[in-house]
Amino acid sequence: MGKQEPKKASFYNPPATVPLEPLSDHPQPIASLDSLFEPPSDDEWLGVMPNVGEPFAPVTKPAELPEVPEVPLVVLDAVQAKILGEITPSHFFITGPVGTGKSVLAGQIIAKLRALGRRVNITASTGIAAIHVGGTTIHSFLGTNICGSIAEAERNQRDLNRNAEFRLRSTDVIVVDEVSMLTGDYIDMMDWRLRTVCHSKLPFGGKQILFFGDFLQLPPVIKDPRKVERHFAFQAKAWETANVQTRVLTINHRQGDDAEFSRHLDLMRVGKFDTATAQYFRQCLDRRLRQPIILYPTNVAVDAVNQAKLAKVPGSVEQFPANVRGDSRACEMLVRNCIADVFLKLKVGAQVLVIKNSVGGNEYRNGERGTLTKIEPDCLHVHLETEGHERDVTLERATWEWRDAEQRILASLVQFPLKLGYAITIHKSQGMTLERMRCDLRRCFAPGQAYVAVSRAKNAKHLSLESPLQATQVFVDKTCAEFYARSRPKARRIG
Ligand SMILES: Nc1ncnc2c1ncn2[C@@H]1O[C@H](COP(=O)(O)OP(=O)(O)O)[C@@H](O)[C@H]1O
Ligand SMILES: [Mg+2]
């Protein structure tokens with residue numbers, strides 16, 4: 001799979017245009033404000049999720065140094081390296097099509113800023129995205145519970161987490177990945193919260209914000225549109241006041257080997273679907289692939305297909321309950337957002353999907369598929385059917401973690417890094433690379449959904465479509481398209 005072996009990170013020598021100085025005299029939290037910080041009680045730190053698992057080993061208390069997640073070594077492409085060099089202490093929005101390495105670049109920017117002494121916090125708009133980048137949700141970082149606007153936060157002052165206030169003050173940079181899933185109202189609330197807590201009139205309370213994401217992928221999930229004034233993050237007042245600068249990544253690392261597929265995906269991303277693109281995707285119609293994974297817009301369809309296919313496999317079902325430990329609320333969040341199953345059901349002969357890289361990433365990788373060949377108490381044997389790299393691997397249990405803003409582990413889930421591999425939802429597939437896939441896009445309901453689905457494939461030869469791709473399935477939100485058109489002259493497109 002991986003064509004390149006990890007090499008020395010190129011961020012050590014970026015072509016910096018405006019060098020950042022180490023923060024030697026950065027203000028520390030004012031002593032009188034410390035009284036606002038009440039460390040959680042032991043019960044909160046050592047909570048147990050009922051009937052799920054054992055108490056988690058004591059987590060690091062605030063006084064101790066937080067554990068910093070490892071940053072994988074990667075050689076940045078020219079565009080990534082240029083943007084890394086351009087990061088000054090301003091607010092940025094780093095965007096680009098799928099697979100252009102936004103999340104990878106986020107990791108490298110964080111490492112660089114931390115090396116310069118900045119206190120950086122990693123967050124994302126959803127739990128799944130937070131697990132992907134080794135961070136926490138922006139909601140839990142801000143300590144605003146489920147409030148989605150300034151009005152809601154003002155109304156629910158008592159729900160605001162006072163512990164969060166200390167960490168908000170004692171942070172320099174806040175990274176927010178997958179920002180397209182946050183509303184403009186939410187960004188304005190984030191600005192309000194930071195200004196209030198930090199007693200500052202500056203945008204975002206004087207904290208540097210680095211947004212990552214793509215507004216042409218899946219939008220925020222809004223239950224009642226009448227209650228939301230500003231739907232997209234870039235419509236927030238704070239986005240304008242803070243003068244968020246846009247940078248665009250352009251080199252696709254996922255579909256890099258299939259230029260034509262990549263070109264049609266780029267057109268789909270901006271809602272362009274002409275006869276040439278329709279014609280191009282005709283080659284995928286009902287393409288026969290060996291055991292493809294099927295992507296559906298809805299959960300109902302996914303569960304039905306997975307269970308029906310498992311039932312057809314001869315033999316008895318083996319159940320693997322996950323071991324979930326930690327603070328009860330954090331366990332709940334982890335279970336709700338983790339891609340791993342709490343009750344994994346498998347049979348020898350079932351088709352499975354690997355959902356996590358092996359340690360080091362050399363043995364097996366997230367997104368590879370195969371057949372379960374043997375079950376042992378502490379390991380599962382899988383025959384991986386990756387094109388050109390078929391092999392037998394042994395998978396041991398892996399750990400998923402839910403961390404707080406200081407990177408302390410609040411909950412952990414231990415499970416085999418496998419799922420039934422017959423079908424998954426498009427929402428769950430965001431961020432994944434899939435080897436051989438089939439899409440049923442007939443019930444697509446969100447802008448960008450068809451684009452997110454087909455762009456999981458690395459090349460068109462490994463993509464099969466249930467029905468012809470139609471112009472009605474490929475649509476973007478007009479406001480988002482306008483945002484990109486408007487910001488094009490300002491956005492520094494490099495490469
Ligand atoms: N500079 C790079 N060199 C090699 N692979 C890269 C590089 N940047 C990103 N990738 C790979 O490309 C894929 C997509 O990267 P990711 O950061 O998830 O993209 P995005 O967040 O833009 O969708 C991942 O498999 C990642 O490891
Ligand atoms: Mg990403």
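Let's start with a pair of strands: strand 7 (residues 293–296) and strand 18 run parallel and are joined by 3 bridges. To see one spot along this pairing, find Tyr 296, which stands opposite Thr 425 in strand 18. Keep in mind as you look around that this is a predicted model.

Now zoom out a little from that pair. Strands 7 and 18 belong to an open sheet of 4 strands, with the order 18-7-19-20 and parallel pairing. Strand 18 (423–425) and strand 20 (463–465) are at the edges, and each has a single partner strand, so one side of each has no neighbour in the sheet. The sheet isn't flat like a tabletop, either: on average, neighbouring strands are turned by 25° against each other, ignoring direction. Something also lies across this part of the sheet. Helix 13 (residues 299–312) lies across strand 7 and strand 18, and it runs at about 165° to strand 18.

How does this fit into the whole chain? The protein chain has 17 helices and 21 strands. Of its 495 residues, 45% count as buried. If you take the contacts between residues at least 6 apart in sequence, 75% of them join residues at least 24 apart. We'll meet an example of sequence distance versus space further on.

Next, have a look at a second sheet. This one is open too, with 5 strands in the order 14-13-12-11-17, and its pairing is antiparallel. Its edge strands are strand 14 (391–395) and strand 17 (418–420), each of which pairs on one side only. From one strand to the next, the twist averages 45°.

Let's walk through some of the pairings in this antiparallel sheet. Strand 12 (residues 369–376) and strand 13 (residues 379–384) pair over 6 bridges, in the antiparallel sense. Here Thr 371 has His 383 of strand 13 as its bridge partner. Thr 371 turns up again when we move to strand 11, since Gln 351 stands opposite Thr 371 in strand 12. Strand 11 and strand 12 run antiparallel and are joined by 3 bridges. Strand 11 is also joined to strand 17 by 3 bridges, again antiparallel, and there Leu 353 stands opposite Lys 419.

Which way do the residues of strand 11 (residues 351–354) point? Gln 351 and Leu 353 point one way, Val 352 and Val 354 point the other way, and all of them are buried. There's a general pattern behind this: in a regular strand, side chains alternate between the two faces of the sheet.

Time for some helices. Helix 3 (residues 78–86) packs with helix 4 at an angle of about 35°, and their axes are 10 Å apart. Their crossing is right-handed. On the helix 3 side, the contact is made by Gln 80, Ile 83 and Leu 84, while helix 4 brings Leu 105, Gln 108, Ile 109 and Lys 112. Sorted by class, that contact has 4 nonpolar, 2 polar and 1 charged residues.

Helix 4 also leads us to the ligand. The largest share of the shell around ligand 1, 3 residues, comes from helix 4 (residues 102–115). Which residues come nearest to ligand 1? Of the 17 residues around it, those are Gly 101, Lys 102, Ser 103, Val 104 and His 253. By class, the shell holds 5 nonpolar, 9 polar and 3 charged residues.

Our last stop is Gly 143, which sits in the loop between helix 6 (138–142) and helix 7 (150–155). Is Gly 143 buried or exposed? It has 20 C-beta neighbours inside 10 Å, so Gly 143 counts as buried. Setting aside its neighbours within four places in sequence, Gly 143 is in contact with Leu 160, Asn 161, Asn 163 and Ala 164.

One of those partners, Ala 164, is among the buried residues of helix 8, along with Glu 165, Phe 166, Arg 167, Leu 168 and Arg 169. Helix 8 (residues 162–169) is mostly covered, with 6 of its 8 residues buried. Arg 167 counts as buried because 21 other C-beta atoms lie within 10 Å. Here's the promised example of sequence versus space: Arg 167 and Gly 143 are 24 residues apart along the chain, and their C-alpha atoms are separated by 9.8 Å. Similarly, Leu 168 and Gly 143 are 25 residues apart in sequence and 9.2 Å apart in space, C-alpha to C-alpha.

Notes: Residues numbered from 1 in each chain as written. Chains lettered and ligands numbered in written order. Predicted model: local features only at pLDDT ≥ 70, side-chain atom pairs only at ≥ 80, totals over all residues. Helix = DSSP H or I, 4+ residues; strand = E, 2+ residues; numbered from the N terminus. Buried ≥ 20, exposed ≤ 12 C-beta atoms within 10 Å, placed from the backbone. Contact = placed C-beta atoms within 7 Å. Near = placed C-beta within 6 Å. Nonpolar A, V, L, I, M, F, W, Y, C, P; charged D, E, K, R; others polar. Pairing = 2+ DSSP bridges. Axes fitted to C-alpha atoms, helices over the stretch in contact; angles between N-to-C directions. Left-handed = near helix turned anticlockwise from the far one by under 90°.
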